[in-house]
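Reader: I've got a model open and I'd like to learn how to read it. Can you walk me through it, feature by feature?

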Amino acid sequence: MVYKIGSISGDGIGPEIVAEARKVMDHAVAKYGHSLEYTDILMGGCSIDATGVPLTNEAIEQAIEVDAVIMGSIGGNPATSPWYQLPPDKRPEAGLLKLRKSLRLFANLRPAHLYPELRGACPLRDDIIGEGFDIMMVRELTGGLYFGKRETKPVNGVNTAIDTLSYNENEIRRVAEKAFYIAGKRRKKVTVVDKANVLDSSRLWRKVVTSVHEKYQNIELEFMLVDNAAMQLVRDPGQFDVILTENMFGDILSDEAAMIMGSLGTMPSASLNETKFGLFEPSGGSAPDIAGKGIADPIGTISSASMLLRYSLGLDKAADDIDGAIKKTLADGYRTFDLMPKEAAEKKGLKQVGTSEMGDAIVERL
């Protein structure tokens, strides 16, 4: 069968890491008699350069017509890039927010799993790591502070910025349903992270999630304030199974979870709507400082490709093959520069490779 895949290379290291994800996906599905047909879609800074806007209506239509979208990274260095001299709604990240909204991608999944082979790259002490951790972050993606009304205006003669945090019960309920469903296939625990001691929106989250939980009595539910959750992630990450939270808290906590994995470059993500359609991307940024050097870590993007095959195309065996090939590659000592220990790499039998070499090594192990 031929599947239609949208491909957003984006900016910075995006084209390099997407190329490796496509290479691995093509090999994985071919084993089972399938093939992938790609549509290249412009978004981000490259779209600004070509069209004057970070996302065109044509690009949105292209994304709607495919079965799923694989994406690299967008944006540049805010301190030096001319893209960040533009109004906020014309900057690269505005394109991503618009795409998520247009495609109704309300649930973001970010698995944070510590590969045994990368235990040494984890910044936490060995006694804290214990037997490792396996966390699924479920982040609401189209509501909250990032999508609320915002303005900057004089108030009593003083320039004042106003950002509005808003959620309704339907937005909360649909992402809570996703979280409980996923927890039911895992270790049956959901931790809701909020700031209910201060925010009305968080208090509504607690009320709605508690209501949804009535249908999932076999799943443990707990609530945790966001400041405590940030601490607990580095104190005892193994306590978490599924973390459910709102947009901004999820943005911050998922990056923290990625760091305790050893590198942001290894963390995948999926953004889903009510159907099987999804946008799949690594959690790391565009890393403009290393773009074009061939040293970026493609594992997060390749893992995102695995999630694409699993969640959007239903090709579980091909997804399993990719996950297994990544583990074998790491077990065989292959590392991009971000995963190399600072000392004694040769004694540990590790081999530093570039972006394309890492992709080739994973393909060889499919």
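Author: Sure, let's begin with charge. This is a predicted model, and the protein carries 43 positive and 51 negative side chains, with the centres of the two sets 3 Å apart.

Reader: How do I judge the overall shape? What radius of gyration does the protein have, and what would a compact globule have?

Author: You set the value against a rule based on chain length. A compact globule of 366 residues would come out near 21 Å, and the protein has 20 Å, so the two agree. For the extents, the C-alpha atoms fill a box of roughly 60 × 50 × 45 Å along the principal axes.

Reader: And what is inside that box? How many helices and strands are there?

Author: The secondary structure comes to 12 helices and 14 strands. Among contacts with a separation of 6 or more, 74% join residues 24 or more positions apart.

Reader: What share of the residues counts as buried?

Author: Buried means under 20% relative accessible area. By that cut-off, 52% of the 366 residues are buried. As for the surface, the protein exposes about 16,200 Å², and carbon and sulfur atoms supply 51% of that.

Reader: Now a single helix. What span should α1 have, and what do its end C-alpha atoms give?

Author: You count 1.5 Å a residue and compare. Helix α1 covers residues 14-30, and its 17 residues should span 24 Å; the end C-alpha atoms are 24 Å apart, so that agrees. Its buried residues include Ile-17, Val-18, Ala-21, Val-24 and Met-25.

Reader: Glu-20 sits in that helix too. Is Glu-20 buried or exposed?

Author: Check its accessibility against the cut-off. Glu-20 has 7% relative accessibility, so it counts as buried. Leaving out residues up to four places away in sequence, Glu-20 touches Pro-298, Ile-302, Thr-355, Ser-356, Gly-359 and Asp-360.

Reader: Where does Ile-302 belong?

Author: Ile-302 is in α10, where it is one of the buried residues. Helix α10 runs over residues 299-311, and those 13 residues should span 18 Å, which agrees with end C-alpha atoms 18 Å apart. Of the 13 residues, 11 are buried, so α10 is largely enclosed by the rest of the structure.

Reader: Let's do another residue. What does Ile-260 touch?

Author: Place it before listing its partners. Ile-260 lies in helix α9, residues 247-261, and at 2% relative accessibility it counts as buried. Apart from residues up to four places away in sequence, its contacts are Leu-114, Cys-122, Pro-123, Leu-124, Phe-133, Leu-233, Val-234 and Pro-237. You can also set sequence against space: Ile-260 and Asp-321 are 61 residues apart in sequence and 25 Å apart from C-alpha to C-alpha.

Reader: What about backbone angles? Which residue other than glycine has a positive phi near 60 degrees?

Author: For this one, you look at the sign of phi and then at the residue type. Lys-188 has that positive value, near 60 degrees. Its place is the loop between α6 (169-184) and β8 (189-194), and with a relative accessible area of 34% it is partly exposed.

Reader: Where does Asn-156 lie?

Author: Asn-156 is in the loop between β6 (150-155) and β7 (158-163). It has a positive phi of about 55 degrees although it is not a glycine. At 79% relative accessibility, Asn-156 counts as exposed.

Key: Residues numbered from 1 in each chain as written. Predicted model: local features only at pLDDT ≥ 70, side-chain atom pairs only at ≥ 80, totals over all residues. Heavy atoms only, no water. Helix = DSSP H or I, 4+ residues; strand = E, 2+ residues; numbered from the N terminus. Rg over C-alpha atoms; globule rule 2.2 N^0.38 Å. Buried < 20%, exposed > 50% of the residue type's maximum accessible area, 1.4 Å probe, protein only. Contact = heavy atoms within 4.5 Å. Areas by Shrake-Rupley, 256 points an atom, 1.4 Å probe, with all protein chains shown as cover. Lys, Arg positive; Asp, Glu negative; His and termini not counted. Charge placed at Lys NZ, Arg CZ, Asp CG, Glu CD. Expected span 1.5 Å × (residues − 1).
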